[in-house]
Amino acid sequence: MNIKTSAAAGTLESSDAYVMVEPSDTLEIAIESVVYNQYADQIRAGIEQVLDQLGVKTGRISINDKGAVDCVIQARVETAIKRAGGEG
Amino acid sequence: MSKLVASIREAIEKCELRDGMTISFHHHMRNGDYVLNMVLEEIAKMGIKNLTVNASSIFDIHEPIIGHIQNGVVTGLECNYMGAKVGKAISEGVLEKPVIFRSHGGRASDMEKGTSVIDVAFIAAPTADDMGNCTGKLGPSACGSIGYAFADAMNAKKVVVVTDNLVPYPLVGFSIPEVYVDYVVTVDQIGNPAGIVSGTTKITRDPVGLRMANYTAQVIEASGLLRDGFSFQTGAGGATLATAQYVKEKMLAKGIKGSYGMGGITGYMVDMLNEGCFQALLDVQCFDLKAVESIRTNPKHMEVSATQYAGVSGKSAGVDNLDVVLLGATQVDLDFNVNVHTDSNGYIMGGSGGHCDTAAGAKLAIIIAPLTRARLPLVVDRCLCISTPGKTVDVVVTQRGIAVNTKYGKNAELKEKLKAAKLPVVEIEDLKQKAEELAGVPKPVQLGQKVVANVLYRDGTLLDVIHAVR
């Protein structure tokens, strides 16, 4: 799956995350989080897992996390990517 | 004779304020207070340096104090609560000397015991006469109770009343009498009453909050304390207000006649008084304008000083007879110690206020907080700061379970009562584990070496220290 256009998913409510994806020649992950000190590694690992599953090799993934748990972050990332690339 | 002087500057000069002295303020105007900033600005212009400010609380509106710290006007800070704006600067080390945090009771009692000496107290007074009789109940900037200012007035070497509503002598219905007051000064406005209502003062509609409130009301009922003569304190948080609502419904349904409601008073407590749940309210500060209106008009809504509310220097205090208090927490640890001073990153964003005083006094001290807040688990191995010692905390209510503190040889019977009431009683360790299963285990926060605050317990002893953030 390729990120063909820019797209977003999520909100900036507490315990949610706002994820933006954009086309890029390289793979970049930018994490901003209210719990960065406590959970940055887990957030990155969660995002990378979704990218692997969807076969995304390039693109810029930016997340503004307001303390979402992993499954929420992963759902937001997956949705944003699917909105940007189209299914299949 | 008149004690009226022309300006704040003249009052400062007449009080002979010098480098190195301590000045004090009270916080009943809360985030609408203009007086602290006004006085410090004048002091800065006069070139006086190296002052210690003892304010019962520091709110975000007091942000200019950071500038006064940076230019050496203020080199010491003592308070019972500090909002996040000034708290951030303190946590980042702007002040050389550690802040001294006290509780509301501890501050008043330290002044009375002479361990905290105030050279000049500035009292923001919504109404005063020219001899210094003053009250918070009347005037365009009415804030209701001025309970925290009594200790300042009675113990400071010099006392300046600052008002925006001067009335002819003698003021009828004064709170603080002229006998303590040296000078009176009028200003355009001592503050904005709209700022009194700060923080959450509305009942929550959040289902998590409502579930915690529902559990808490059931805990109170199951404890057996909800009977004639019941005494009660709540804070102004959304879930605690919802609990008060449930407690009120139970009291009305069963015809229970309580004794007193106490603390910072909200309109919800006023409703409970008016509907016959309590004989009286003991009010040390008003949290909203409905409470201000009530204390002005209802003789059963009584003003109390900080000492009478929560002190240890008097022969008794209201907290000593309290049945139930509802309290918040940013962190609770496995020994039931509670943090209300810092957030989970170690930044100062609060303070004890009456937290540790009421926990120590109440028969049942209940902490209400969600299992996680923005992913961060409530229960940790060790609080970043101990604001209230675990031995004074009885129950922790979350939406996912209720932990009863039996670690200090108490509450065994309470635990059985809550189980019998079919409440979801768990161990404190379970709450930590449940949160970590949901959110993951947080990486421990690394703090700096520098101590930016000393937290004193209500008896004046050192309870904990707060380190700088990195």
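## Parallel strands in chain B

Strand β11 (residues 231–233) of chain B pairs with β12(B) in the parallel sense, over three bridges. Two strands count as paired if DSSP finds at least two bridges between them. Helices (H or I, at least four residues) and strands (E, at least two) are DSSP runs, numbered from the N terminus. One partnership in this pairing is that of B:Q233 with B:M262 in β12(B). Between β11(B) and β12(B) the chain passes through helix α8 (residues 238–254) of chain B, and this β-α-β crossover is right-handed. The term right-handed applies if, with the strands pointing away from the viewer, the path from the first strand over the helix to the second runs clockwise.

On β12(B) there is also a parallel pairing with strand β13 (residues 280–286) of chain B, over six bridges. Here B:I265 has B:C286 in β13(B) as its bridge partner. The chain goes from β12(B) to β13(B) by way of helix α9 (residues 267–274) of chain B, again in a right-handed β-α-β crossover. Why is strand β12 of chain B largely enclosed by the rest of the structure? Six of the six residues of β12 (residues 260–265) are buried, so the strand is largely enclosed. A residue is buried if 20 or more other C-beta atoms lie within 10 Å of its own, exposed if 12 or fewer, and partly exposed in between, with C-beta atoms placed from the backbone.

## About the model

This is a predicted model, in which local features need pLDDT of at least 70, side-chain atom pairs count only at pLDDT 80 or more, and totals for chains, interfaces and linings use all residues. Residues are numbered from 1 along each chain as its sequence is written, while chains are lettered from A and ligands numbered from 1 in the order in which they are written.

## A three-stranded sheet

An open sheet of three strands in chain B has the order β17-β16-β21, with mixed pairing. Its edge strands are β17 (338–339) and β21 (379–380), each of which pairs on one side only. Strand β16 (residues 331–333) and β17(B) are antiparallel and share two bridges. Within this pair, B:Q331 is opposite B:N339 of β17(B).

## Two domains and their contact

Chain B is assigned domain 1 (4–196) and domain 2 (207–444); such bounds come from an automatic or database domain assignment. The C-alpha centres of the two domains of chain B are 29 Å apart. In the contact between them, 32 residues belong to domain 1 and 35 residues to domain 2. Residues are in contact if their C-beta atoms, placed from the backbone, lie within 7 Å.

On the domain 1 side, α4 (84–91), α5 (104–113) and α6 (149–155) of chain B each supply at least two residues. The most comes from α5(B), with seven residues.

## Backbone exceptions

Most residues other than glycine have a negative phi, and most peptide bonds are trans. In chain B, a cis peptide bond joins B:Y169 and B:P170, with omega about -5°. B:P170 sits in the loop between β9 (158–163) and β10 (183–186).

B:E16 has a positive phi, near 55°, and lies in the loop between α1 (8–14) and β2 (22–25) of chain B. B:R30 has a positive phi too, near 50°, in the loop between β2 and α2 (35–46) of chain B. Which of these residues is buried and which exposed? B:E16 counts as exposed because it has 11 C-beta neighbours inside 10 Å. B:R30, with 23 other C-beta atoms within 10 Å, is buried.

Definitions and conventions: Contact = placed C-beta atoms within 7 Å.
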